[in-house]
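The following exercises are to be worked with the sequence and the coordinates at hand. Each task is followed by a stepwise solution.

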Amino acid sequence: MKTEKFQSPRVLEALLTGPGLIWLLVFFLLPTFNVLLISFRPSTLTGGIGEGWTLETFTQLRNPNYPLIVFRTLWVSAWITALCLLFSIPVAYCLARAPARWKTRLLLLIMVPFLTNFIIRVFAWKVILHPEGWVASAFIAVGWMEAGTQLLYNVHAVVLVSVYTYLPFSLLPVYAAAEKFDFTLLEAAMDLGCKRLEAFLKVFVPGISRGVWTATLLVLIPNLGAYVIPDIIGGHRSMMLGNIIARRLFSDRNLPHAAALSSLLTLLVLVPMVVVIFVRRRREAST
Amino acid sequence: MKSRVLSVFAFLLLLLGLTACSGRKPVLRIYNWAEYLSDDVIEAFEKEFDVRVIVDVFDSNEAMYAKLRAGGGGYDIVVPSSYQVVRMAREGMLLELDHAKLPNLTHLDPLAEKFTQDPEHRWSVPYLITSAIIGYRGDRVEEIPDSWAVFDDTRFQGRMTLLDDQRETLGAALKFLGYSLNTTTVSEIGAARDVVIGWKRNIAKFESEQFRNGLLSAEFLVVHGYSSDLLQALEEDERIRLVLPREGISIALDDLVIPVDAPNPDLAHAFINFLHRPEVAAENMEWVMAMSPNQAAYPLLDPDFYANELIFFNEEIFAKSETIFDLGEEDQLYIRAWNEVKSAR
Amino acid sequence: MKRSRFPLWVTAGVMLFFYLPVVVLVVNSFNQSRSSGPWTGFTLDWYVRLMGRRDIWMAFRNTLIVATGASAASMVLGTLAAFALHRYRSRLQDVHYTMIFTPLVVPEILLGVSLLLLFVALGVERNLWVLFIGHTTFCISYVAMVVLARLQDFDFSVVEAARDLGAGPWITVRRVLLPLLAPGILAGGLLAFTLSIDDYVISFFLSGPGTTTLPIQINAMIRRDAPALINALSSLMLCVTFLLVWLSQKLNKESRT
């Protein structure tokens, strides 16, 4: 009887899909949709939400400063993602080839720093990059930097600290994929005359492609909306889209404008992503 | 494996249960700035009224407002700045105060009325007065002029900060130019905006939270910051110097208010009244390092503390300085100017 | 055949990179300077003061409860979702897939405001359950993504083989599927846990009286209070984590031999 139930694929599919889907419908889609509707509401000058419907908020988005900020957000996020992947793939390879009893140990060792508080880690970076700290002194001695200037409060510092923060997000999925990669394939490739690096790039990297893809999503997307790191580590020349949204919400008290910007950001990411994902899924399904 | 998971859950449920039944006593919930209320005062109140006090903290008027506005309340006492009080009252977020339950209001210094838009205390009772001034490192920087013009000085490029607050920073520029910091004249605000854009090229960043720690660690050499924070920094490190710019400053009054959905308004009234007992007010002032406009408390203060002109300003400074008021719809002028400052290159 | 040492060097470098701020943080927790600036002398004062801070410990406890609950719940929900996504190709799964990764796209602030508006509309009191629900919502997607990566080229013939050998569905799941997926689920759970204990934006909106979490407390304290105090707390947390990791390793070894 029970077996029968499990053998009916539709029922099993519904059982597997249901809990998560319903949770997200109630606690994610419904409330978010509600807020997105607010972007079609007029904002009152005192910070409330007006009656009726309007497209006015969207015409306000034609702010001449936005293209630069959108471009910077995309560019910085792309850099962060690329650097995270560059570091995670060799590390994941190393972890996956480590002796079994070392694997969990190393993984935990990597994760432990991230069990401290995020803001505190960011502040530790402020100590490291202090204009009179040892990094700055070394840089001044080598002549990379002028005395009295700042290492902090620019785009490079934002990229550095973001890579630090998001590296585990790319490392975990890449490792999860690498861990079950069949390493004899690498040896086979080399037996067939591949160079070591060539085998690594042509066999190992494609072999963990889904892990890499997941890592890209997990790093790129949160960074597009990030605002805490640009706020603490960045200066006034490294403002990102997330900072603008936060400002519209908190200091301008303009919920419709914040909602419109958020929905714009969401669409900007979602549309290309949906296309890519469905193409991938179709291709995977057909092979 | 399964039993371990189960035991974790049992532990969690136990903890949750403990929180649920730990409070038989009435509870007073306060939403305040961090380090803005003496722990001893809280303890004394808990003991005398046999209640439990929960203090939650926020880091800006704006964040607090955004949360309460969306309905994230449940607090009995909130401590907004006075301009925020008007806004909250207008939006129907505040409870009208019952003066019969607040006999200690008679101790209030009439001076405080200059700094509030609610002089009859219909919605709010003055709590503490602070100001936004300049602090610098005496060991790294020679004497600086007592003027906002210091932010034009290229010698400290990249080592100065201005507050990340549209009204405070544009207000400093307005004062620098000799205008009122509550002006609604477009050309004056425009001139102030251009001044701030000039300053922006010299500063490391706009910073409302880290100016104090940055000054203490010498990461920043000259900062624009709130007086209570800078005074606490001075206590810790005597190499720090404070300056009151001669053009005038903004003086802020933070108020005690009761949200309209407060679970325990009677206890909230009792707490406001308690804070204005002269001996309590005096103790709290010395702890926070800010002035409470409570006349009866002044004689109880340490004479050195009372003589501090950075806390108890003299007539001259009071005459030149102003408080940021809520401008209603005209606030948009400042929002627009500030956005232009932020996006200027 | 000799393996390249290059990945090993990168790993060592990354480890160094990961632990550099941690070392700074631990060292500064013994620094007399309040602002974590230059070294001014050794002290244990921060640890002593930490012990007396009821508010910090309350926030710490709240954070642990929410993070444990949210990572456990999202591990279950996320794994189920990943499994369904991998196993089936249907219209429903297309919708499901879109639903799983959109929360990653929506800016956190928006998520926070929208959840708060929902709970206000429902008239729910803001207790720890509300935080638990909020955190689980954004953790599900992360867990599902990580488990899904693990499921790549998962060979379902293993499951069929087990069934052919007479294993019931429950046994198949417990003895075959879960062990195979465990590293992925564990990785996802760890990610969810770290996300939850670090979340500021969503918690800020969803916390109510008495349910302040550590990031909120820290954010408010960092302005006026000493970072050194938080450094001390973080160092203690690190010690406890290391201790737990070491214990679990030891227990594992003993149970195996």
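Four exercises follow, after a note on conventions.

This is a predicted model, in which local features need pLDDT of at least 70, side-chain atom pairs count only at pLDDT 80 or more, and totals for chains, interfaces and linings use all residues. Residues are numbered from 1 along each chain as its sequence is written, while chains are lettered from A and ligands numbered from 1 in the order in which they are written.

**Exercise 1. Confidence**

Task: Determine which elements of chain B have the lowest and the highest mean pLDDT.

Solution:
1. pLDDT is the predictor's confidence in each residue, from 0 to 100. Chain B averages 87, and 93% of its residues score at least 70.
2. Among the elements of chain B, the lowest mean, 47, belongs to helix H1 (residues 2–21), and the highest, 96, to helix H9 (residues 265–275). Helices (H or I, at least four residues) and strands (E, at least two) are DSSP runs, numbered from the N terminus.
3. Residues 1–6 of chain B stay under 50 and have 0 contacts beyond four places in sequence; two residues are in contact if their C-beta atoms, placed from the backbone, lie within 7 Å.
4. Residues 11–22 of chain B are also below 50, with 6 contacts beyond near neighbours in sequence.
5. Where pLDDT is low, predicted coordinates should not be read in detail.

**Exercise 2. Domains**

Task: Describe the side of domain 1 of chain B that touches domain 2 of chain B.

Solution:
1. An automatic or database assignment supplies the domain bounds: domain 1 of chain B covers 24–129 + 252–311, and domain 2 covers 130–250 + 318–343.
2. Their centres, taken over C-alpha atoms, are 26 Å apart.
3. To the contact, domain 1 of chain B brings 17 residues and domain 2 of chain B brings 14.
4. On the domain 1 side, helix H4 (82–90), strand E4 (124–137) and strand E9 (250–257) of chain B each give two or more residues; H4(B) gives the most, with 4.
5. This side divides into 12 nonpolar, 3 polar and 2 charged residues.

**Exercise 3. Helix H9 of chain B**

Task: Identify the buried residues of H9(B) and elements that cover them.

Solution:
1. Buried means 20 or more other C-beta atoms within 10 Å of the residue's own, C-beta atoms being placed from the backbone.
2. Leu267(B), Ala268(B), His269(B), Phe271(B), Ile272(B) and Leu275(B) are buried.
3. Their cover includes strand E1 (27–33), helix H2 (39–49) and helix H10 (278–288) of chain B.

**Exercise 4. Ser162(A)**

Task: Explain why Ser162(A) is classed as buried.

Solution:
1. Ser162(A) lies in helix H8 (residues 155–178) of chain A.
2. Ser162(A) is buried because 26 other C-beta atoms lie within 10 Å.
3. Beyond four places in sequence, Ser162(A) contacts Ile80(A), Asn223(A), Ala226(A) and Ile229(A).

Note on methods
Ala, Val, Leu, Ile, Met, Phe, Trp, Tyr, Cys and Pro count as nonpolar, Asp, Glu, Lys and Arg as charged, and the others, Gly among them, as polar. A residue is buried if 20 or more other C-beta atoms lie within 10 Å of its own, exposed if 12 or fewer, and partly exposed in between; C-beta atoms are placed from the backbone.
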